[in-house]
Amino acid sequence: MQLRELESYDSITIQTHDNPDADAIGSGYALYKYFKSKGKEVSLIYSGRYRIQKTNLKLMIEKMNIPITYRDKDAGKVDGLLITVDCQYGSGNVYPIEADYVAVIDHHQPEISTANLVGWEIATNLGSCSTLVWRMLMEEGYPVNEDMNLGTALYYGLYCDTNQFSETINPLDMDMREMVAFDNSIVLLLRNSNLSLKELEIAGIALIRYIYNNDFHYAIIQAQPCDPNILGLISDFVLQVDEIYTCVVFNTSDEGYKFSVRSCIKEVNASELAWYLAQDLGSGGGHLEKAGGFISMRKYGKVYPTLHPEAYFGNKLNEYFESFDVIDARHYEVTPDAQQYSRKKVIMGYVKTDTLFPVGNRVTIRTIEGDTDILIQEEQYLLIEDTGKVLMLSGQQLADAYKLSQVGCPMKLEYMPKVKNALTGETLDLMSYAHSCTNKSKFLVYARQLERGIKLFTEFYKDTYMLGMPGDYLVAACDNPKMMQVVQKDVFMETYQKAD
Ligand SMILES: [Mn+2]
């Protein structure tokens, strides 16, 4: 959905979830400003049991002049369009207000039927709803950076929802963080009014009630209901204990379990562990050392009606540590039980890096998988795969494996990769410099379907690993068997065929 689709309504009410947080307020405010600029009659409201109390939120509202008001539960129906933001109409965390028309803008797991909505945009891969609304405003050409209050609200929304930018890795979140104009002095002020005395006590109590596993060196802590930021704070602290290599800190609300993950060993990537813990029950992700996630109570209750969450996290962690073999490609053979396959022809893109910036420049390549820093060199190419991954190759490697054309590359990717010059900050859209290529069909690999999970370290992936789940494929180039990678099962089926 695009925001302009909602411009046919003259009266618009924007409702955040009950007990709104900085992200709900920030993204709600951005929508408010947008529709106000279109001459609509707009109001920004929240309802539910509690009024806003936290000092940082009160300051946010005051400093940025955010016109959010509390709406009494029995204030009745609203006229025109109701948009719920950072939540979904009909979910347990937002008081159901009757309205003529309803739309939803959110970044949580889909919880509701969209059948009766006039529009919805639910982007679960984003770290904050503020990022989503920022994207929607940019798509409409709205001048976000001319309004410092608006920028600061969005920035602070992302900051809070991602535990100070540590628990997300979506490239669009990073784009907003870098591109939006904000007032740093306000952010500093809010940052230092983040905890109440009550929450200080919650953190203290949580610390003395840890569960420690001696075999795998992990700790689990359940905290009383508190702001999710406290979970990050506790887990940062716990990880400093010498015997603890990995930890999970969580709390419970009516909607589900919110958790923070930390790791200080290369065999555990916090981002992937967060994903593993949530899997089909919610969402999780972040960075190598810090990550976070959420498990929906509705989904959890269906699968584990009686299991205590502490036991759930313990079981999942044990399962995680027991179910992966660590493989170092440099001392490992895929053959002899592997079969030969060849890569089907796929259209991809390639770019000679010195057409982007001069040789010797340091640049950051931002893809769906995160940021990579490289030094621009001669005869260096980037290959943009149809999955959105970007690989670095020499001219020879590229010419050996791919048939190159001079026409532009038509690929549509979920996140279009960008290249940013570290010195000047200039950012280029990689695809507009790319030409098309197809792999030569002769590219032969050995592949073996995995029965157990693996963590694969290779020559290029020394400090972090590629994760393989049972069912995925371990693939090695026939002419260079140490060049190994993990290919997800469905991707493998689509891109490889048995060699004849
Ligand atoms: Mn949010």
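## Helix 1, from end to end

Let's start with helix 1, which covers residues 22–37 of this predicted model. How far apart should its ends be? With 16 residues at 1.5 Å a residue, the helix should span 22 Å. The C-alpha atoms at its two ends are 22 Å apart, so the expected span and the model agree.

Now look at how helix 1 sits in the structure. It is mostly covered, with 13 of its 16 residues buried. After the helix comes glycine 39, and the phi angle of this glycine is positive, near 80°.

## Two residues with a positive phi

A positive phi also turns up in residues other than glycine. One of them is aspartate 86, with phi near 65°. You can find aspartate 86 in the loop that runs between strand 4 (78–85) and strand 5 (99–106). Is aspartate 86 buried or exposed? Its relative accessibility is 1%, so it counts as buried, because buried means under 20%.

Glutamate 379 is another such residue, and its phi is near 55°. It too belongs to a loop, this one between strand 17 (370–375) and strand 18 (380–384). Glutamate 379 has 47% relative accessibility and therefore counts as partly exposed.

## Cysteines without disulfides

How many disulfides does a search of the whole structure find? The count is zero. Take cysteine 87 as an example: the nearest cysteine sulfur belongs to cysteine 129 and is 8.2 Å away. A disulfide needs the two sulfur atoms to be within 2.5 Å, so this pair does not qualify. Cysteine 87 is also buried, having a relative accessible area of 1%.

Cysteine 160 is in no disulfide either, since the nearest cysteine sulfur, from cysteine 226, is 14 Å away. With a relative accessible area of 11%, cysteine 160 is buried.

## A nonpolar patch on the surface

Finally, let's turn to the outside of the model. Which residues form a nonpolar patch there? They are Leu195, Leu197, Leu200 and Leu233, and together they have about 410 Å² of accessible area.

Leucine 195 is a good member of this group to look up in the structure. It is found in the loop between helix 6 (184–191) and helix 7 (197–207). Its relative accessible area is 38%, so leucine 195 is partly exposed. That value fits with its place in the patch, because patch residues need over 30% relative accessible area.

Methods. Residues numbered from 1 in each chain as written. Predicted model: local features only at pLDDT ≥ 70, side-chain atom pairs only at ≥ 80, totals over all residues. Heavy atoms only, no water. Patch = residues over 30% accessible without salt bridge, like charges linked within 9 Å, V, L, I, M, F, W, Y side chains within 5 Å. Areas by Shrake-Rupley, 256 points an atom, 1.4 Å probe, with all protein chains shown as cover. Salt bridge = Lys/Arg side-chain N within 4 Å of Asp/Glu carboxyl O. Helix = DSSP H or I, 4+ residues; strand = E, 2+ residues; numbered from the N terminus. Buried < 20%, exposed > 50% of the residue type's maximum accessible area, 1.4 Å probe, protein only. Expected span 1.5 Å × (residues − 1).
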